[in-house]
Amino acid sequence: FKRYNDYYGHGGGDRVLRQVAAALREQLRDDMDLVARYGGEEFAVLLLNTDNVTGHTIAERMRQAILRLAIPHADSPVTETVSISLGGASFLLPADGCLPENALAIADQQLYQAKAAGRNRVFWAV
């Protein structure tokens with residue numbers, strides 16, 4: 001979103017973030033799942049009772065939902081419209097001993113891999 005803000009201004013960026021948040025929320029399964037802004041231009045999505053396959057499927061639906069918004073992004077090096085990259089990880093508490101902050105770190109690593117691979121894609125830890 002830095003490039004978007006630089007090109008369209010912070011007001012434009014804020015409007016797009018609200019649109020993106022709404023589109024992400026529409027992909028959730030129920031009231032137990034959560035989308036929250038995490039940092040300036042990132043979102044965290046918590047999907048309860050979700051295995052790797054389902055998590056990846058939901059993340060891909062989210063990516064497609066953002067593309068369907070078709071929000072112009074004239075300064076994007078990836079697409080002509082706003083797109084998102086998603087990184088995710090699944091874990092079970094307490095069975096696998098993974099703490100939430102560890103899962104967040106793993107998901108963050110997946111996000112950076114998605115960006116490094118060209119953006120506008122989903123990477124999910126298995």
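User: Which element gives the most to the lining of the largest pocket?
Analyst: Helix 4 does, with 7 residues. This is a predicted model, and the pocket described here holds about 1400 Å³ of space. A total of 47 residues line this largest pocket, and those closest to its centre are Phe43, Ser85, Leu86, Gly87 and Leu111. The elements giving two or more residues to the lining are helix 1, helix 2, strand 2, helix 3, strand 3 and helix 4, which runs from 100 to 116.

User: Let's stay with helix 4. Why is glutamine 110 called buried?
Analyst: Glutamine 110 is found in helix 4. Its relative accessible area is 11%, and buried means under 20%; therefore glutamine 110 counts as buried. Leaving aside neighbours within four places in sequence, glutamine 110 is in contact with Gly87, Gly88, Phe123, Trp124 and Ala125.

User: And what makes isoleucine 106 partly exposed?
Analyst: Isoleucine 106 also lies in helix 4. Its relative accessible area is 31%, and partly exposed covers the range between under 20% and over 50%, so that label fits isoleucine 106. Beyond its neighbours within four places in sequence, isoleucine 106 is in contact with Ala89 and Ala125. The C-alpha atoms of isoleucine 106 and glycine 87 are separated by 8.3 Å, though these residues are 19 residues apart along the chain.

User: Now to helix 3. How do you know that its span agrees with the expected one?
Analyst: Helix 3 has 18 residues, which should span 26 Å at 1.5 Å a residue. Its end C-alpha atoms are 26 Å apart, so the two values agree.

User: Which residues of helix 3 are buried, and how do you know where they lie around the axis?
Analyst: The buried ones are Gly55, Ile58, Ala59, Met62, Arg63, Ala65 and Ile66. They cover an arc of only 160° around the axis, which means that they sit on the same side of helix 3. On the other side, Val53 and Arg68 are exposed. The cover over the buried residues includes helix 2, strand 1, strand 2, strand 3 and strand 4.

User: What is found at the start of helix 3, and what follows the helix?
Analyst: At the start, a side-chain oxygen of aspartate 51 comes to within 3.3 Å of the backbone nitrogen of valine 53. After the helix comes alanine 70, with a positive phi near 55°.

User: What makes the phi of alanine 70 worth pointing out?
Analyst: Most residues other than glycine have a negative phi. Alanine 70 is not a glycine, yet its phi is positive, at about 55°. Alanine 70 is found in the loop between helix 3 and strand 3. Its relative accessible area is 43%, so alanine 70 is partly exposed. Asparagine 49, in the loop between strand 2 and helix 3, also has a positive phi, near 50°.

User: Why is asparagine 49 called exposed?
Analyst: The relative accessible area of asparagine 49 is 75%. Exposed means over 50%, so asparagine 49 qualifies.

User: Is asparagine 120 buried or exposed, and how do you know?
Analyst: Asparagine 120 has 16% relative accessibility, and the limit for buried is under 20%, so asparagine 120 is buried. This residue is found in the loop between helix 4 and strand 4. Among the residues that asparagine 120 touches, not counting those up to four places away in sequence, are Leu67, Val78 and Ile84.

User: What makes the pairing of asparagine 120 and arginine 63 a polar contact?
Analyst: Their side chains are joined at 2.9 Å. A polar contact needs a pair of N or O atoms within 3.5 Å, so the distance in this pair meets the cut-off.

User: Last one: what makes valine 45 partly exposed?
Analyst: Valine 45 has its place in strand 2. Its relative accessible area is 29%, and partly exposed lies between the limits of under 20% and over 50%, so valine 45 gets that label. Valine 45 touches Leu28, Leu34, Val35 and Met62, not counting residues up to four places away in sequence. Its C-alpha atom is separated by 9.1 Å from that of arginine 25, 20 residues apart along the chain.

Notes
Residues numbered from 1 in each chain as written. Predicted model: local features only at pLDDT ≥ 70, side-chain atom pairs only at ≥ 80, totals over all residues. Heavy atoms only, no water. Helix = DSSP H or I, 4+ residues; strand = E, 2+ residues; numbered from the N terminus. Expected span 1.5 Å × (residues − 1). Buried < 20%, exposed > 50% of the residue type's maximum accessible area, 1.4 Å probe, protein only. Arc of directions from axis to C-beta. Contact = heavy atoms within 4.5 Å. Polar contact = N/O pair within 3.5 Å; in protein donor to acceptor, adjacent residues only side chain to side chain. 1 Å grid on protein atoms, 1.4 Å probe; cavity = no way out; pocket = protein on both sides within 12 Å on 5 of 7 lines; lining within 4 Å. Points joined across faces, edges and corners; volume = space filled by probe spheres on them.
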